[in-house]
Each structure stands twice: as structure tokens, then as C-alpha cells.
Amino acid sequence: MISASEATALVGVGILLTALYLQSESFVDPLIRGIALQSLLVAGLLAGLAWTEQSIELAVLAGLTIAVRSLLIPYVLRAQLQSFRWRVREVRAAHRVTSHALGAVALAIVAWFIFQETLAPIFPQPGAALPFILLVEGLFMLATRSTTLVQVIGYLEAENAVVYAGALFAKSFPLFVEVVVFLDVLGVVLVGIILSIQREVTGTPEEASLSELSG
Amino acid sequence: MDWATQAASVLQAAVVLLLAPLLAGIAARAKAWTESRRGPSIFQPYRDLAKYLKKETLLPRGASRVFVVAPFVAFGTYLLIAIVVPIITPYPIPFAPTVDFLGGGLLFGLAGIVTLLAAIDSGSNYSALGASRTVSFAALAEPTLIVVFFAVAVISGTNSPYVTNNLLTASTAAYLSPTHLLVTAAFFLLLLAETGKLPVESAGLMEFGMIEDGRIFEHSGRLLGLFRWNGWMKQFLLCSVFVNVFALPWGMIATPTLWGAAANIVLLLAKLGLLVAILVVVEATVAKVRLFKIRDFLALSFSLAVLAVFAFAVLGVP
């Protein structure tokens, strides 16, 4: 059997892998599934910590993470996909899978070096850099993608990093603050959907790329 | 150096030489089953080999000595690899200390380079196209292999496949470490690419998707037979290293006796059978990616290999 710390490390690397997958994927539906999986892994981490720490708050937080980030938000985002054809794929990203994948790995390494130079003395435990790397990957996604729904996924990734960091470093963090973060995320998703609908009216560069492909 | 380990070396080389076509035959038969075909006999590669060795060898006009010598150099190189990596022995055999993981990778590279030179020397556009494709994809595949070796060195503190095998057999924590799991995944993807399996290459697509086979397009007769044998040996060696060092390192008998080596051959065949089953499932369930998308596939493999080393740096455990 593996120890709790080894299991935490494995889940942490799993979360990092989902982050790299999200960077290199251009189809929106798999991106939504990817962020749901990542949230599920974060929830698994919280559930494991709730078990070892015997903390009801962490258990509630794990349940909330599954309910809101693995089920509700992906459901809302996928419902949006049914209406608009051009949201199914981000065409520009499809041509840059290799560079996005390698860029994501390079970014993770740079983020780790920054962490080592700045936060490592405060958080010396193994795997402490992973939430920071996840945060940087989420922000990178926000900056490099052009479709609103994909940017929302980048934002969700950054929020997952915050919850992951909270689980590792602030286990006794008041539950209501975490709940506020969840509501915040829900708000961002709603704003993202409204912006998407607005873009449908005003047009988007992605639309022009797709119209070239129609036969 | 006692007679038993020397005999094990000879036996190991013979196993690679003689069983490599059988592995290819079993894989072809198993793939046929998934396509609801009866498929060729598992001994078909031996018959093909006999046929090639009997047939006349034709040389393209203008081809130099390189065209003829290359298959023999590659054949000798694969045979050399066969006596330095753990295939039927978990203990170092006489020539094992001369080559570590990196040396093994360089030998695979040497065999690939001489095959490339022969392809270019043929003066054929098809062969040159195959050589060009191989080199462009190798630009991502070779760094992956090197990073995989780095990750192995991180796990075991050495670059010896024998030490890695012993460590992974002894320690469940090392086997289940993120570094080892990631490096195993990266090596598996590399195995698919290097042995011409889907989603990278399909043997049924002829020149449209040819990569490895494109290089030997102009060879015929004995030379083609040798190249085919080389391909089967390469597949057997890579699969053996994958199962014995990365994925399924357990169960090999460490006593340097001929009976122990014989038992290890049976065990190796069982492990390879399992790997072939997995490869066949992969081939039956994935579609071939477009040629320029192979770069994306190899980038994924490279990313996993880099992450394997990175996981060690971040988590502080192998």
C-alpha cells in the first residue's frame, strides 16, 4: 500500500497532467470534461485530507467542489455548446497543439523556479509548488485563448489552484470564505456566458476562420 | 566471469534473434482477430524471411557500398544491444557493464542512422521521403528517449537498466512514484512511434503514411530480409526493455543458471504476450493521425518525459 503523502503526490501530478491537457486541447467539449476531471481530482484531494484530518469542513468542501465544479458548471457550459456551432472548437489553438503542449511544460518549469526563489522558504513541504504551477497555467490559458468559454475554463483552473493551495496550506480556513469563492466562480461563468452571447451578436474572429472551412 | 553468465549472453542473443519474428507473427495474428479475420500463421514472418533470403538482390543504379553494408551494420548493432540489456537475465551478463541506458539509446540511433544513409544512397524519391519523415519525427522522439533516461537515472541513481529493474522489483513506492508512472507512459508512447504502430503509422497505407517502411523501399532480396529482421529485432528489444525495466519488472529468476534463464524466457514470452494484447487493443481502437499531427503525438510523449523528471524536482521523491 502507498502512504497518504504518496497518494497526495500522485493526485497532485494527475492535476498537473490535466492542466497540460487543457493547454493543448482545442475542442471546447473535451476542455469542459477536462476541467470537470481536474475539479474531481481536487475534490478527491480534499476528501482524502478530510479523512486524515477528521475535518467535516473539508468533507463539505469536497462535496461542494464536486457539486459545483465537476457537475453544475460543466453542465451549464455544455448547455451553451448546444446553441452555437462556432464555440465547439477554437481554431487557432488547433494549429498550435505542439507549441501549446511544450509551452505548458516550459511554463510549469519557469513557475517552479519562481516558486523556489520566492515562496519555497515559507512552504517547504514536498508538492507545495503544484498549486502555484496550476495557477500560472490557468492564467496562461486566460491570456492565450480567444474564446470566452475557454477563458472561463482557464479561470476555473486558476480557482482550482486556489482551492488546492487552501487544502494544502490552510486546512482550517473558514468554510464560508471557500463558499464565497465558489459563488464567485459561478458569477464568472454567468458573465462569461453573457459575453459569449454578446459576441454572437457582434461577431468573433473565430467565426471567420470556420466559415473558410465550410464546404 | 563464469560459464553460466557467458552462456546466458549467448542464449539472450539467440532469443532475440530467433523469437523476434515470432513476436511480429503473434502481433499480426492477434490484430487479424480484432478485425474478424483469420489472419496469417504466427510463423509467417519466418516463411517471409526464408523467401527474402532466397530471392535475388537488385541494386539501384548509382547505389554505393553503403546501400549494401547498411543492413549488416544495423543487424550487428541490434545483436550487440541484445547482449547488453536485461531480456532474460536480471543480473548483469558479461557485456552489460559496457553499455548503460544512454549507450543503448546511442546504439539504437546508430542502427537508425545507417538505415537512413542506405535510404538516401538509393537515390529513390520514395526512400528519401521516408528518410526525411523519419528524421523530422526523430527530432522529437530522440529527445524524449534522452529525457526518459534522465528520469530512469533519477529513480535509481544510476543509468543501468539492471539496477533499475532490481530497484523497481524491490520497492513498491518506487514503482508507484509519479516519476516512474510518467516515464512508463512516455516510453509506451515512444514504443508505439518507434515500432510503427497506430496512431502513428499503419503498414496497410503504403506510401501515403509510410515512415519506417519508406526507408527500405528500394531494398530487395537478402538486404530487404535483413532489414525486416532488424525491424522485428528492434520491436522485440524495445518491448522487452519496456516490460522488464518499466512496466512489469517482477518475477525474473536472479540465479545465474541455464534453468533460471529458461524460466525467464517463458516469463518474458508471457509478459510480451500481455503487451501485444495491449498494443492490439490500442491499434483496434485508435485511428491513424494525419502525418503532420504525429508531431503533436510525440510532443505529448516528450512532455510526459519532462514531467517525469519535473515531478521528482517538485515532489522531492522519485
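This talk goes through a predicted model, taking chain B, its contact with chain A, two helix pairs in chain A, and two single residues.

I will start with chain B as a whole. Its secondary structure is eleven helices and zero strands, so the order of elements from the N terminus is simply α repeated, α-α-α-α-α-α-α-α-α-α-α. Along the principal axes, the C-alpha atoms of chain B fill a box of roughly 55 × 45 × 40 Å. For 318 residues, a compact globule would have a radius of gyration near 20 Å, and chain B comes out at 19 Å, which agrees. Of the 318 residues in chain B, 48% are buried. If you take the contacts in chain B with a separation of 6 or more, 80% of them are between residues 24 or more positions apart.

Next, the contact between the chains. Chain B puts in 18 residues, and chain A puts in 18 residues. On the chain B side, which elements give two or more residues? They are α8, residues 178-194, and α11, residues 294-315. Of the elements on that side, α11(B) gives the most, with twelve residues. By class, the chain B side of the contact has 14 nonpolar residues, two polar and two charged.

Now to chain A, and helix α1, which covers residues 4-24. I will look at two of its partners.

The first partner is α5(A), residues 97-118. The two axes come within 8 Å and cross at roughly 145°, and the crossing is right-handed. From α1(A), the residues in this contact are Leu16(A), Leu20(A), Gln23(A) and Ser24(A). They meet Val97(A), His100(A), Ala101(A), Ala104(A), Val105(A) and Ala108(A) of α5(A). Sorted by class, that contact has seven nonpolar residues, three polar and no charged ones.

The second partner is α6(A), residues 129-144. Here the axes come within 10 Å and cross at roughly 10°. The cut-off for roughly parallel is under 35 degrees, and α1(A) and α6(A) are therefore roughly parallel to each other. On the α1(A) side we have Gly12(A), Ile15(A), Leu16(A), Ala19(A), Leu22(A) and Gln23(A). Facing them in α6(A) are Leu130(A), Ile133(A), Leu134(A), Glu137(A) and Met141(A). The classes here are eight nonpolar, two polar and one charged. Leu16(A) and Gln23(A) appear in the contact with α5(A) and again in the contact with α6(A).

Two single residues to finish. Is Gly34(A) buried or exposed? It is buried, because 22 other C-beta atoms lie within 10 Å, and the cut-off is 20 or more. Gly34(A) belongs to helix α2 of chain A, residues 28-53. Not counting residues up to four places away in sequence, Gly34(A) touches Thr18(A), Tyr21(A), Leu22(A) and Glu25(A). Leu22(A) has already come up, in the contact of α1(A) with α6(A). As for Arg89(A), it is 55 residues from Gly34(A) along the chain, and their C-alpha atoms are separated by 15 Å.

The other residue is Leu102(B), found in helix α4 of chain B, residues 101-121. Leu102(B) counts as partly exposed, because it has 15 C-beta neighbours inside 10 Å. Leaving aside neighbours within four places in sequence, Leu102(B) is in contact with Phe149(B) and Asn159(B). Between Leu102(B) and Trp229(B), which are 127 residues apart along the chain, the C-alpha separation is 24 Å.

Definitions and conventions: Residues numbered from 1 in each chain as written. Chains lettered and ligands numbered in written order. Predicted model: local features only at pLDDT ≥ 70, side-chain atom pairs only at ≥ 80, totals over all residues. Contact = placed C-beta atoms within 7 Å. Helix = DSSP H or I, 4+ residues; strand = E, 2+ residues; numbered from the N terminus. Nonpolar A, V, L, I, M, F, W, Y, C, P; charged D, E, K, R; others polar. Axes fitted to C-alpha atoms, helices over the stretch in contact; angles between N-to-C directions. Left-handed = near helix turned anticlockwise from the far one by under 90°. Parallel < 35°, antiparallel > 145°, perpendicular 65-115°, else oblique. Buried ≥ 20, exposed ≤ 12 C-beta atoms within 10 Å, placed from the backbone. Rg over C-alpha atoms; globule rule 2.2 N^0.38 Å.
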